[in-house]
Amino acid sequence: MKKNLHQLYLTLADYLGPQNWWPADSVTEMLCGMILVQNTNWNSAARSLENLRQVTAFDASVIRRLPSEQLEHLIRPSGFYHAKVKYLKNILTMYQDHFQELSRLQTPALRHELLKIPGIGAETADVLLLYLFDRSAFVADAYARKLFRKLTGQNFTYEQLKLKVELQSDFSPIEAQEFHALIDEYGKLKDDPLNLAERFRFEL
């Protein structure tokens with residue numbers, strides 16, 4: 001199984017090339033993107049990010065000090081803006097005030113603490129583990145669940161797929177980042193151009 005996962009990774013990497021995710025020029029932009037993309041598409045999140053860039057230059061302290069009404073107006077394109085204003089401030093507070101202490105935790109304890117923060121669910125917690133804390137985690141998002149449903153013929157919940165892949169893989173943090181990015185980028189393509197469903201039939 002470990003061999004199959006690694007071969008899948010190499011096949012996607014050879015086809016799509018290096019991804020170098022998360023798409024952001026700063027940590028603050030990355031964190032804002034993680035919240036704004038929730039329950040919407042990246043194009044909508046990108047419009048909100050551009051609004052934030054113009055007004056705040058992605059200065060975390062400036063964003064945290066903005067009145068909620070102004071912040072809501074800036075992030076309106078990404079939807080759910082009432083809730084996302086709170087979530088943005090929560091994630092930036094975590095980064096500015098608690099990053100060092102959280103970084104000292106083992107990965108399971110760190111994930112547990114991240115999940116306590118309002119606005120950070122399982123998927124966002126794993127994305128944070130990957131891209132902010134540089135931990136080897138698997139993000140079992142909708143693209144991943146769709147892909148592995150094709151490869152295995154099985155339906156998985158988020159937590160089921162995450163645990164199965166992590167238990168049967170040994171990706172480094174950088175490889176895990178690339179694997180997540182490759183799966184998402186491949187999932188955006190029409191159909192299955194590499195015919196992965198035929199080349200990688202295996203059980204988890």
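Which residues does L114 touch, leaving aside those up to four places away in sequence? The contacts of L114 are M94, L102, I120, A125, L128, L129 and F133. This is a predicted model, and L114 is a good place to enter it.

L114 belongs to the largest nonpolar core, which has 65 residues. Inside that core, L114 and F148 are the residues with the most contacts. Helix 6, residues 81-103, supplies the largest share of the core, seven residues. Domain 1 and domain 2 both give residues to this core, so the core lies between them. The general background is simple. In soluble globular proteins, nonpolar side chains tend to be buried together.

Now the domains themselves. Domain 1 is built from two stretches, 5-20 and 139-199. Domain 2 covers 27-133. Their centres, taken over C-alpha atoms, are separated by 25 Å. The contact between them draws 10 residues from domain 1 and seven residues from domain 2.

Next come two helices that meet. Two packed helices are described by the angle between their axes and the distance between the axes. Helix 8 spans residues 122-131, and helix 11 spans residues 173-187. Their axes come within 9 Å and cross at roughly 135 degrees. That crossing makes helix 8 oblique to helix 11. On the helix 8 side, the contact is made by V127, L130 and Y131. On the helix 11 side, it is made by P173, A176, Q177, H180 and A181.

Helix 2, residues 27-36, is mostly covered. Nine of its 10 residues are buried. The buried residues are T28, E29, M30, L31, C32, G33, M34, I35 and L36. What covers them? The cover includes helix 3 (42-56), helix 4 (60-65), helix 5, helix 6 and helix 8.

One of the buried residues of helix 2, E29, leads on to R53. R53 lies in helix 3. R53 and E29 are 24 residues apart in sequence, yet their C-alpha atoms are 8.2 Å apart in space. R53 touches D25, E29 and F58, not counting residues up to four places away in sequence. R53 is partly exposed, with a relative accessible area of 32%.

Helix 10, residues 158-167, has a shorter list of buried residues: Y158, L161, K162 and V165. Why do these residues line one face of the helix? Seen down the axis of helix 10, they fall within an arc of 100 degrees, so they line one face.

Helix 1, residues 2-16, holds T11. Is T11 buried or exposed? At 16% relative accessibility, T11 counts as buried, because buried means under 20%. T11 touches L194, L196, R199 and F200, not counting residues up to four places away in sequence.

H73 offers a contrast in setting. H73 lies in helix 5, residues 68-75. H73 is exposed, with a relative accessible area of 56%. Paired with A197, H73 is 124 residues away in sequence. From C-alpha to C-alpha, H73 and A197 are 43 Å apart in space.

The backbone deserves a last look. Most residues other than glycine have a negative phi, and most peptide bonds are trans. The loop between helix 1 and helix 2 holds N20 and W22. Phi of N20 is near 50 degrees, a positive value in a residue other than glycine. At 62% relative accessibility, N20 counts as exposed. The peptide bond from W21 to W22 is cis, with omega near 5 degrees.

D191 sits in another loop, between helix 11 and helix 12 (196-199). D191 is not a glycine, but its phi is positive, at about 60 degrees. D191 counts as exposed at 60% relative accessibility.

Terms used. Residues are numbered from 1 along each chain as its sequence is written. This is a predicted model: local features need pLDDT of at least 70, side-chain atom pairs count only at pLDDT 80 or more; totals for chains, interfaces and linings use all residues. Side-chain values use heavy atoms; hydrogens and water are left out. Buried means under 20% relative accessible area, exposed over 50%, partly exposed in between (1.4 Å probe, protein chains only). Helices (H or I, at least four residues) and strands (E, at least two) are DSSP runs, numbered from the N terminus. The arc is that of the directions from the helix axis to the C-beta atoms. A nonpolar core is a set of buried Ala, Val, Leu, Ile, Met, Phe, Trp, Tyr and Cys residues joined through side-chain atoms within 4.5 Å. Domain bounds come from an automatic or database domain assignment. Contact means heavy atoms within 4.5 Å. Axes are lines fitted to C-alpha atoms, for helices over the stretch in contact, and angles run from 0 to 180 degrees between N-to-C directions. Angles under 35 degrees count as roughly parallel, over 145 as roughly antiparallel, 65 to 115 as roughly perpendicular and the rest as oblique.
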